[in-house]
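User: Please take a close look at the second largest pocket for me. I would like to know what lines it, and what else its main contributor takes part in.

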Amino acid sequence: MRAIYNADFCQSRVSSAHLIFEYFIAIMPTHDSDLQLASELATRIESVFGPCASVWMRSKGRWSSACHQEDGTDKVEAILPVRPSEIDAALQHFDLRSDQPFVWRASGTLFVAIKTSGDALAPVVVVVALPNQDDRLICSFLIAHLEALLNRRIAITAKKQSEFFIDQVTQDFEELTWLRTTNEYFDLCDSQHTIESIARSCFPTLTKVIRSEAILLVRSVENSPLVTSLPDWSRLVSVGEMAGKQDSCTQLLADSIEFLLRGPLVRNCKKHEEHLPNYPGIRNCVALTVSKGEQIYGWIIAINKLASPNFELDSEKGTVDEVNPLQFGTFEAGLLSAAANIMASHSRNLELLQSQEHLLTGVVRAIINAIDAKDSYTYGHSDRVARYAKRIATRMGLSSQECDRIYMAGLLHDVGKIGIPDSILGKPGPLTAEEFAIVKKHPEIGFNILKHLQQLDYVLPGVLHHHEAVGGKGYPYGLVGTAIPLHGRILAVADAYDAMTSDRPYRSGMPSERAESILRAEAGKTWDTDIVVVFLECLANDELKPDPNELLAKFGTDSLTVVPSNNQMRRLSGTINSLVVQ
């Protein structure tokens with residue numbers, strides 16, 4: 001780069017230096033970063049030519065002095081080689097649109113002015129005053145150091161931008177991951193997954209996505225109307241740091257609960273405030289309801305926005321670069337609303353599912369009562385077999401859901417007996433071969449009845465195969481060993497024990513000890529040996545007694561003892577017979 005100069009000067013050895021940093025300020029204010037760049041250039045010049053003396057700023061066409069160090073204005077003017085008015089007059093010839101250094105000489109001193117930043121309207125200029133020197137050397141020195149500083153500034157800016165973009169991409173990825181995960185909850189509509197379990201699963205990721213110190217789910221009091229819904233703090237799910245803040249959250253929700261009926265609430269404390277008024281420990285928050293229609297299931301509260309990894313705060317001025325990230329806004333409120341909608345939809349679907357389960361279970365109980373009414377000698381048999389089968393499954397370590405399914409299969413295992421004539425079921429003497437052949441059809445009849453109920457398709461293997469024998473001499477298909485479904489093998493043991501110990505039209509029930517002896521003798525021939533061993537362990541540990549919390553008990557004890565009337569029995573039998581024909 002070529003310097004612009006209007007006077008020649010002589011080269012001499014550098015013995016002293018006077019550096020004058022002149023900040024030309026027009027109507028537009030100079031940014032702190034522009035002044036900082038000029039100061040950094042001055043510091044570099046000081047390291048070569050000696051200590052600096054002053055900083056000069058131009059305003060309203062005049063140059064004014066600001067101390068670069070702790071020197072006063074009088075002292076600065078005393079060591080200047082020329083008066084400020086002479087510098088002012090010389091700089092009037094400086095083309096501020098140019099990036100080239102401007103050189104002039106006065107009173108035997110070389111002056112070099114270089115624009116460090118800004119534009120023609122609001123430039124920042126550094127003026128160096130030295131004894132006679134090589135102007136090209138000085139200009140090259142200034143240009144090289146200024147370019148180095150500018151390149152460093154560009155590198156720092158690029159690094160900050162890269163960190164910002166990395167942070168943004170990371171946050172977007174976490175958001176997409178969270179959204180994809182939450183979509184999976186739409187497929188989890190069963191009693192095993194409540195909104196509390198969903199909250200425990202999705203809140204940890206959500207706190208990272210919205211950078212919240214903690215997120216809470218507060219359930220509402222059950223069966224409370226929309227307008228009078230109250231929080232039940234005993235049913236709280238919280239993720240994150242909550243130490244010393246629950247009282248404030250309790251008060252915040254109590255004060256905001258009516259407002260939340262109209263929509264989400266976002267609150268941020270003002271600058272220099274440690275927390276929201278009346279809520280110690282809470283700087284900012286987002287609160288909203290989890291509701292569907294007229295039903296409120298609870299409330300979600302997120303508290304205290306956390307800083308991003310690249311967050312920078314100017315502690316002296318209390319300002320934040322660009323937009324303050326320590327505030328909740330529409331982004332956080334939107335994600336929390338999505339979570340609330342998912343939880344509310346899941347709760348509503350769960351209510352509908354439970355209603356269907358109640359209805360289905362009521363139908364099952366009606367069918368069981370119909371079977372018991374048809375064969376009074378086997379009254380209660382289905383309940384006992386279901387209970388024994390569930391105890392076996394539990395001791396075998398099967399899942400809770402699988403145990404409940406085996407229980408339901410036990411309740412329905414003899415539903416096919418509805419299709420067996422009363423004269424055979426109630427015959428006081430031994431059955432003939434022809435009559436026994438008819439009785440052996442009841443597993444297939446039961447299968448044909450229940451196959452039309454899609455919600456109960458899991459009971460079909462146990463209903464169809466509970467009379468199979470592991471040695472291959474059972475019915476209806478003579479399956480061998482593990483070819484018999486597990487439900488069928490479990491029900492076979494439970495059914496055999498109850499049949500042997502219960503009274504029948506043609507005989508009295510045998511003692512438990514005798515039934516246990518038969519089970520041991522036929523283990524591996526008629527019944528699965530492992531299952532027989534487990535069942536005998538249940539007997540030894542007295543685990544076969546009724547449990548009031550059994551699967552169907554929650555629908556009322558009355559349903560366990562209801563016996564249909566003759567007219568009801570005829571109507572039900574007609575319906576079932578039509579299913580058997582199909």
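Analyst: Happy to help: here is the pocket, followed by its surroundings. This is a predicted model, so to speak, with local features needing pLDDT of at least 70 and side-chain atom pairs pLDDT 80 or more, while totals for chains, interfaces and linings use all residues. Numbering runs from 1 along each chain as its sequence is written, and side-chain values use heavy atoms, without hydrogens or water.

The second largest pocket has a volume of about 850 Å³, taken as the space filled by probe spheres set on grid points joined across faces, edges and corners. A pocket here is an open set of points on a 1 Å grid over the protein atoms alone, where a 1.4 Å probe fits, with protein on both sides within 12 Å along at least five of seven lines; lining residues have an atom within 4 Å of a point.

There are 34 lining residues, and F436, H467, Y475, A499 and R504 are the closest to the centre. By type, the lining splits into 14 nonpolar, 9 polar and 11 charged residues, where Ala, Val, Leu, Ile, Met, Phe, Trp, Tyr, Cys and Pro count as nonpolar, Asp, Glu, Lys and Arg as charged, and the others, Gly among them, as polar. Two or more residues each come from α10 (422-425), α11 (433-439) and α14, and α14 gives the most, with 5. Helices are DSSP runs of H or I, at least four residues, numbered from the N terminus.

Y475 deserves a second look: a cis peptide bond joins Y475 to P476, with omega about 15°. P476 sits in the loop between α13 (460-465) and α14.

Now to the largest nonpolar core, which has 50 residues. Such a core is a set of buried Ala, Val, Leu, Ile, Met, Phe, Trp, Tyr and Cys residues joined through side-chain atoms within 4.5 Å, and buried means under 20% relative accessible area with a 1.4 Å probe, protein chains only. Helix α14 (residues 486-501) supplies the largest share of this core, 8 residues. Among the residues with the most contacts inside the core are L412, L450, V459 and W527. Beyond its neighbours within four places in sequence, L450 is in contact (heavy atoms within 4.5 Å) with L412, V415, V459, L460 and V463.
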